[in-house]
Every structure is written in structure tokens, then in C-alpha cells.
Amino acid sequence: MIKNENSDREAKALAQHICMSVFKARRVIDQIRGRSYEETLMILELMPYWASYPILKLVYSAAANASHNMGLNEADLFISKAEVNRGVIVKKLKPRARGRSYLIKKTTCHIKIFLKEKYKN
């Protein structure tokens, strides 16, 4: 069996401590998983969700990593894996009436995007 040199190469990008809920980010990530690079860009630019902006920046970064570091063509790329994991919860105290305090929890998430080149037969 002859293995193609480019078959196992994939470019990745990681964004950590993004201030948004995991569920809001997963709603966008589920729409782009397995799609081509150009189709992903069109989907993310037209989506009405706030979570699509950091994911769009991350897809641009992964494509730049693929073209610059590995010499892959951006037109042949597709999203092989995309995952969202929970990050740390930032806890802040907000002052309230009568000298009391109120705990505010801000959730964060970590987003990973993996791009691979399509196989040509």
C-alpha cells in the first residue's frame, strides 16, 4: 500500500478563553463541520450569531497555517475536525445593596479547528 505524503497532514488553529458559552459556540461549529473552506467562509459571514465572528477568525488562521507552514492550497481545504470544549469559569463580585456582593460567573470555551486537503483521484 502506497501512502500519499499529504494524506495525514492537517493544519490546526486553537483559540482559548473565548468569552462565550460552549452551547452557543457548538451551535455554529455543528453547521461548518465537514464543509469546504470557501463554503465555510460564506456560511460564517452570513450567520446572525455573535459566536460566528471568533470562529471565522479561527478558520482564517487555520487556513493561513496550512498555506504558510505546510504549503497546502486554500481552495482544496476542508474542515476535518472542529470541536468546542469548556474553559475556565471567571468569577467576579458585583456590589449590591446594603453592602452585599453578588457572584457573576462568566463562562469561557476553547475552540479547535483542523483543516485537511481533499484527496484528488
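**Exercise 1. Locate His-17 and state its backbone and exposure characteristics in this predicted model.**

Solution.
Step 1. His-17 belongs to strand 1.
Step 2. Although His-17 is not a glycine, its phi is positive, at about 60 degrees.
Step 3. The relative accessibility of His-17 is 44%. Buried requires a value under 20% and exposed a value over 50%, so His-17 counts as partly exposed.

**Exercise 2. Determine the strand order of the sheet and identify which strands stand at its edges.**

Solution.
Step 1. The sheet is open and is formed by three strands in the order 1-3-2, with antiparallel pairing.
Step 2. The edges are occupied by strand 1 (10–18) and strand 2 (77–95). Each of these has a single partner strand, so one side of each is left without a neighbour in the sheet.
Step 3. From one strand to the next, the twist averages 10 degrees.
Step 4. In general, strands of a sheet pair through backbone hydrogen bonds, in a parallel or an antiparallel manner.

**Exercise 3. State how many bridges join strand 2 to strand 3 and how many join strand 1 to strand 3, and give residue partners.**

Solution.
Step 1. Strand 2 and strand 3 (residues 101–117) run antiparallel and are joined by 16 bridges.
Step 2. Among the facing residues, Lys-94 is opposite Tyr-102 in strand 3, Lys-92 is opposite Ile-104 in strand 3, and Asn-85 has His-110 in strand 3 as its bridge partner.
Step 3. Strand 1 and strand 3 also run antiparallel, and seven bridges join them. Leu-14 stands opposite Lys-112 in strand 3.

**Exercise 4. Describe the connection between strand 2 and strand 3, and the conformation and exposure of Arg-98 within it.**

Solution.
Step 1. Strand 2 and strand 3 form a hairpin with five residues between the strands.
Step 2. Arg-98 is placed in the loop between these two strands.
Step 3. Arg-98 is not a glycine, yet it has a positive phi of about 60 degrees.
Step 4. The relative accessible area of Arg-98 is 76%. The threshold for exposed is over 50%, so Arg-98 is classed as exposed.

**Exercise 5. Identify the strands that helix 3 lies across, and give the angle to strand 1.**

Solution.
Step 1. Helix 3 comprises residues 52–69.
Step 2. This helix lies across strand 1, strand 2 and strand 3.
Step 3. The direction of helix 3 is at about 145 degrees to strand 1.

**Exercise 6. Count the salt bridges and characterise the residues that take part.**

Solution.
Step 1. Side chains of opposite charge can pair when their charged atoms come close. The cut-off applied here is a nitrogen-to-oxygen distance within 4 Å, and the count comes to three salt bridges.
Step 2. Asp-30 pairs with Arg-33, with the closest N and O atoms 3.0 Å apart. Asp-30 is partly exposed at 45% relative accessibility, and Arg-33 is partly exposed with a relative accessible area of 39%.
Step 3. Glu-39 pairs with Arg-35, with the closest N and O atoms 2.8 Å apart. Glu-39 is partly exposed at 31% relative accessibility, and Arg-35 is partly exposed with a relative accessible area of 30%.
Step 4. Glu-83 and Lys-112 meet through their side chains at 3.6 Å, N to O. This pair links distant parts of the chain, since Glu-83 lies in strand 2 and Lys-112 in strand 3, 29 residues apart. Glu-83 counts as partly exposed at 28% relative accessibility, and Lys-112 counts as partly exposed at 31%.

**Exercise 7. Examine the aromatic rings for charges over their faces and for ring pairs.**

Solution.
Step 1. A charge sits over a ring only if its atom is within 6 Å of the ring centre and within 35 degrees of the ring normal.
Step 2. Lys-81 lies over the face of Phe-114, at 4.6 Å from the ring centre.
Step 3. Arg-96 lies over the face of Tyr-102, at 5.3 Å from the ring centre. Tyr-102 in strand 3 also stands opposite Lys-94.
Step 4. For ring pairs, the centres must lie within 6.5 Å. By this rule the number of aromatic pairs is zero.

Definitions and conventions
Residues are numbered from 1 along each chain as its sequence is written. This is a predicted model: local features need pLDDT of at least 70, side-chain atom pairs count only at pLDDT 80 or more; totals for chains, interfaces and linings use all residues. Side-chain values use heavy atoms; hydrogens and water are left out. Rings of Phe, Tyr and Trp (its six-membered ring) pair if their centres lie within 6.5 Å; planes under 30 degrees apart count as stacked, over 60 as edge-to-face and the rest as tilted. Two strands pair if DSSP finds at least two bridges between them. Helices (H or I, at least four residues) and strands (E, at least two) are DSSP runs, numbered from the N terminus. Axes are lines fitted to C-alpha atoms, for helices over the stretch in contact, and angles run from 0 to 180 degrees between N-to-C directions. Contact means heavy atoms within 4.5 Å. Buried means under 20% relative accessible area, exposed over 50%, partly exposed in between (1.4 Å probe, protein chains only).
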